[in-house]
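Student: I would like to go through this model one question at a time. Please give the reasoning before each answer.

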Amino acid sequence: MAPLEWLRRSLALRLSVWFAVLFAAGFTATFFLLYVLLGRQLESRDFEALRLRIGQYADIYEARGLIGLRERITEDSEAPHVRSLFVRLVGPGGNLVWGKVPPDWIEKDPRQLAVPDGWGGWSVRRVYNVRVPTDLQRDIAVVSTVLPDGLLLQVGRSTDSRSALLEPLRHLFLWVGGGVVVVAFAIGFFAARRATRPLQNVVQTARQIISTGALDARVPMPKRQDEIAELVRYFNTVLDKNAGLLRAMREALDNVAHDLRTPLTSLRGTAELALRQQENPAAANEALAECVERADDVLRLLRALMEISEAEAGMMRLDMVECDLADLARAAVELYSDVADAQQITLRIEDAQPAPVKADATRMRQAIANLIDNGIKYTPAGGVVALHTETKDGVAHLAVSDTGPGVAPEEQAKIWDRLYRSDHSRSKAGLGLGLSLVRAIVTAHGGSATVRNGERGGAVFEITLPARSAAAETAQGAPTAPQVV
């Protein structure tokens with residue numbers, strides 16, 4: 001990617017720019033607030049001292065008159081800790097009654113003027129000018145109050161210009177503020193790059209999968225547990241599910257290619273036989289009926305393989321409702337009672353205790369029916385297939401036991417595999433997918449399916465699911481509507 005294109009598309013760069021802009025705005029607002037508060041504090045300090053002094057002068061004037069005021073001002077002027085003050089009394093008409101000007105406000109005029117001396121002669125006097133010291137560096141602060149006799153008393157003094165005092169602070173802000181913005185941008189860029197690195201890993205992983213087809217590539221998990229880490233975790237989970245689904249599809253295709261070869265060969269041979277039996281319509285019809293039966297077997301095989309693949313990949317759609325394994329067991333026993341009677345096998349329910357669960361009733365009924373069908377298939381005439389349900393320690397149990405030959409210990413883990421047929425079951429008709437579908441359905445419900453040999457012989461297949469206790473049902477209120485997950 002070109003540098004300009006990277007800069008335009010970089011999320012870390014945009015985040016760092018926003019961070020620097022917001023930081024600069026916050027820094028500027030903070031400086032402006034401090035600048036205003038400091039200026040007001042300086043102004044308040046100057047005027048507060050003058051207000052205190054004019055209050056003292058007003059009290060002295062009221063008690064001792066102008067003479068006492070002049071004496072006090074003279075004493076203050078001689079005090080070393082008192083800055084030179086400007087004081088004046090102004091009459092109602094604006095005429096000056098009395099005033100005192102600080103010495104540093106008075107300038108001597110280089111010109112000399114001749115003025116009458118009062119005895120008919122002239123005298124030469126130096127002219128004095130009063131200059132109020134207000135410029136870029138100096139300012140003046142004046143406070144006024146009206147005395148009881150109507151005169152206006154004003155007290156003032158020169159102060160340092162607040163603008164001049166705060167000018168170094170403004171220059172400091174420009175330099176420090178610029179440096180702070182640069183540092184903030186650098187820190188923001190570093191933090192943004194670090195925060196968005198998992199997103200870059202996601203992009204690189206996706207690009208690697210697209211370009212190379214490496215479905216086992218995964219995004220490294222961040223050390224921090226935050227929203228981005230959660231995104232990475234879910235992204236890897238999606239990749240795992242997709243990989244599992246593809247693996248299941250490949251296995252299903254392999255199984256189909258392996259297991260369809262025999263029925264399709266038989267189907268082709270039967271069809272050819274039907275074509276040769278044109279002179280014997282009864283034989284041709286029988287061959288065609290066998291073709292239909294073989295085609296149904298193929299369709300059942302494909303349907304079962306697809307259902308198992310969906311369940312193992314976590315993609316099976318389940319209509320979850322509140323149901324009872326005992327009720328589902330009774331329905332399955334009723335469905336297979338005629339089949340069991342035809343083979344002289346006793347099919348019954350032993351001690352069906354309530355086992356409430358939340359499950360897809362149709363799928364669970366299918367799983368129970370497959371276990372019953374498996375028990376009937378391997379139980380000899382005169383044998384028994386029994387079902388038992390109970391709830392123990394928050395877990396619902398359903399067991400299907402038979403009096404058949406049982407399952408060899410070395411085969412108990414293999415019988416759940418697709419198309420697996422044990423040696424003694426080769427003569428039995430079937431697709432070899434019934435138990436695989438049972439485990440896939442139960443696993444999709446968050447349960448487990450196991451097998452063991454019974455104490456008195458035969459095999460015991462058991463399904464366990466999380467139970468819904470009566471207390472939980474009471475707390476949750478009325479049954480909820482079925483939902484698809």
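Student: With which residue does Arg-330 form a salt bridge?
Tutor: This is a predicted model. The partner of Arg-330 lies in helix 7 as well, 3 residues apart from Arg-330, about one turn of the helix. The closest N and O atoms of the pair are 2.8 Å apart, and the residue that Arg-330 bridges to is Asp-327.

Student: Is Arg-330 buried, partly exposed or exposed?
Tutor: Buried requires under 20% relative accessible area and exposed over 50%. Asp-327, the salt-bridge partner, has 45% relative accessibility and counts as partly exposed. Arg-330 has 39%, so Arg-330 is also partly exposed.

Student: How far from Asp-324 is the nearest side chain of opposite charge?
Tutor: Asp-324 is found in strand 7, residues 319-324. A salt bridge needs a nitrogen of Lys or Arg within 4 Å of a carboxyl oxygen. Asp-324 is buried yet has no salt bridge, and the nearest side chain of opposite charge, Arg-330, lies at 6.1 Å.

Student: Which residue has its backbone nitrogen 2.8 Å from a polar atom of the Asp-324 side chain?
Tutor: Leaving aside neighbours within four places in sequence, Asp-324 is in contact with Pro-354, Ala-355 and Pro-356. The backbone nitrogen at 2.8 Å from a polar atom of the Asp-324 side chain belongs to another residue, Ala-326.

Student: What is the closest N and O distance in the salt bridge between Asp-373 and Lys-377?
Tutor: The two residues are 4 residues apart in helix 8, so about one helical turn separates them. Asp-373 is partly exposed at 30% relative accessible area, and Lys-377 is partly exposed at 25%. Their closest N and O atoms are apart by 4.0 Å.

Student: Which residue forms a salt bridge with Glu-48?
Tutor: Glu-48 lies in helix 2, residues 11-78, and its partner is in that helix too, 3 residues apart. Glu-48 counts as partly exposed at 48% relative accessibility, and the partner, at 47%, also counts as partly exposed. The closest N and O atoms are 3.9 Å apart, and the partner is Arg-51.

Student: Which strands stand at the edges of the five-stranded sheet, and why is one side of each left without a neighbour?
Tutor: The 5 strands form an open sheet with mixed pairing, in the order 8-10-11-13-12. Each edge strand has a single partner strand, so one side of each is left without a neighbour; these are strand 8 (346-352) and strand 12 (448-453).

Student: Which residue of strand 13 is the bridge partner of His-397?
Tutor: Strand 11 (residues 395-402) and strand 13 (residues 459-466) pair in the antiparallel sense over 7 bridges. In strand 13, the bridge partner of His-397 is Thr-464.

Student: At about what angle does helix 8 run to strand 13?
Tutor: Helix 7 (residues 325-342) packs on the sheet, and its direction makes about 165° with that of strand 8. Helix 8 (residues 361-378) lies across strand 8, strand 10, strand 11 and strand 13. The angle of helix 8 to strand 13 is about 170°.

Student: Which residue in the turn between strand 1 and strand 2 has a positive phi?
Tutor: Strand 1 (residues 86-90) and strand 2 (residues 96-100) pair in the antiparallel sense over 4 bridges, with Leu-96 as the bridge partner of Val-90. The hairpin has 5 residues between its strands, and the turn residue with a positive phi, about 95°, is Gly-94.

Key:
Residues are numbered from 1 along each chain as its sequence is written. This is a predicted model: local features need pLDDT of at least 70, side-chain atom pairs count only at pLDDT 80 or more; totals for chains, interfaces and linings use all residues. Side-chain values use heavy atoms; hydrogens and water are left out. Two strands pair if DSSP finds at least two bridges between them. Contact means heavy atoms within 4.5 Å. Axes are lines fitted to C-alpha atoms, for helices over the stretch in contact, and angles run from 0 to 180 degrees between N-to-C directions. Buried means under 20% relative accessible area, exposed over 50%, partly exposed in between (1.4 Å probe, protein chains only). Lys and Arg count as positive and Asp and Glu as negative; His and the chain ends are not counted. A polar contact is a pair of N or O atoms within 3.5 Å; within protein, one must be able to donate a hydrogen and the other to accept it, and residues adjacent in sequence count only if both atoms are side-chain atoms.
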